[in-house]
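Visitor: I am new to this structure. Could you walk me through it?

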Amino acid sequence: MIWSADWAFAQLTKLHKRQPGMVANALQTMIESNPDLAWSLVVSAYLDEEINLGMAAEMLEMHELELRDRFNALGIPVRIGPIDKVEAQAEAQALDSWFSR
């Protein structure tokens with residue numbers, strides 16, 4: 001059966017309210033099985049300034065310097081340094097997470 005994306009998204013949104021775990025697990029599986037999708041989601045969030053470089057690197061399981069090099073090669077603007085205290089704390093947590101692996 002072929003379902004339209006709009007219909008499926010609407011149904012997933014409704015289902016997420018009733019069964020958030022089921023939807024979260026399905027989305028996690030979908031993202032983990034499709035690295036291009038994961039990359040696109042993270043880059044989109046980064047470009048929309050919803051996440052910083054450290055968080056993007058953590059979500060993509062890359063070192064921040066590796067991601068910075070990849071962004072530079074692709075012409076994606078690199079925002080260096082936190083813009084506020086909350087972002088500074090997020091970057092510190094991302095680094096802690098990376099080094100604790």
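**Helix packing and the core**

Guide: This is a predicted model. Start with helix H5: its buried residues pack against H3, H4 and helix H6 (85-99).

Visitor: Which residues in H5 are buried?
Guide: Buried means under 20% relative accessible area. In H5, three names fit that description: Glu64, Leu67 and Phe71.

Visitor: Why are they on the same side of H5?
Guide: On the other side of H5, Asp69 and Ala73 are exposed. The buried residues sit on the same side because, around the axis, they cover an arc of only 60°.

Visitor: Which helix gives the largest share of the largest nonpolar core?
Guide: That core has 14 residues, and Trp39, Leu67 and Phe71 are among those touching the most other members. Helix H3 (35-47), helix H4 (53-59) and helix H5 (64-74) each give two or more residues. The largest share is five residues, and it comes from H3.

Visitor: What is Ile51 in contact with, leaving aside its neighbours within four places in sequence?
Guide: Ile51 is one of the core residues that touch the most other members. Tyr46 is another of them. The contacts of Ile51 are Val42, Ala45, Tyr46, Ala56, Met59 and Arg79.

Visitor: Is H1 parallel or oblique to H2?
Guide: Helix H1 (residues 5-18) and helix H2 (residues 20-32) have axes 6 Å apart. The angle is about 130°. That makes H1, relative to H2, oblique.

Visitor: Which residues in H2 do the H1 residues meet?
Guide: From H1 come Leu12, Leu15, His16, Lys17 and Arg18. By class, the contact has five nonpolar, one polar and two charged residues. On the H2 side are Pro20, Met22 and Val23.

Notes: Residues are numbered from 1 along each chain as its sequence is written. This is a predicted model: local features need pLDDT of at least 70, side-chain atom pairs count only at pLDDT 80 or more; totals for chains, interfaces and linings use all residues. Side-chain values use heavy atoms; hydrogens and water are left out. A nonpolar core is a set of buried Ala, Val, Leu, Ile, Met, Phe, Trp, Tyr and Cys residues joined through side-chain atoms within 4.5 Å. Buried means under 20% relative accessible area, exposed over 50%, partly exposed in between (1.4 Å probe, protein chains only). Helices (H or I, at least four residues) and strands (E, at least two) are DSSP runs, numbered from the N terminus. Contact means heavy atoms within 4.5 Å. Axes are lines fitted to C-alpha atoms, for helices over the stretch in contact, and angles run from 0 to 180 degrees between N-to-C directions. Angles under 35 degrees count as roughly parallel, over 145 as roughly antiparallel, 65 to 115 as roughly perpendicular and the rest as oblique. Ala, Val, Leu, Ile, Met, Phe, Trp, Tyr, Cys and Pro count as nonpolar, Asp, Glu, Lys and Arg as charged, and the others, Gly among them, as polar. The arc is that of the directions from the helix axis to the C-beta atoms.
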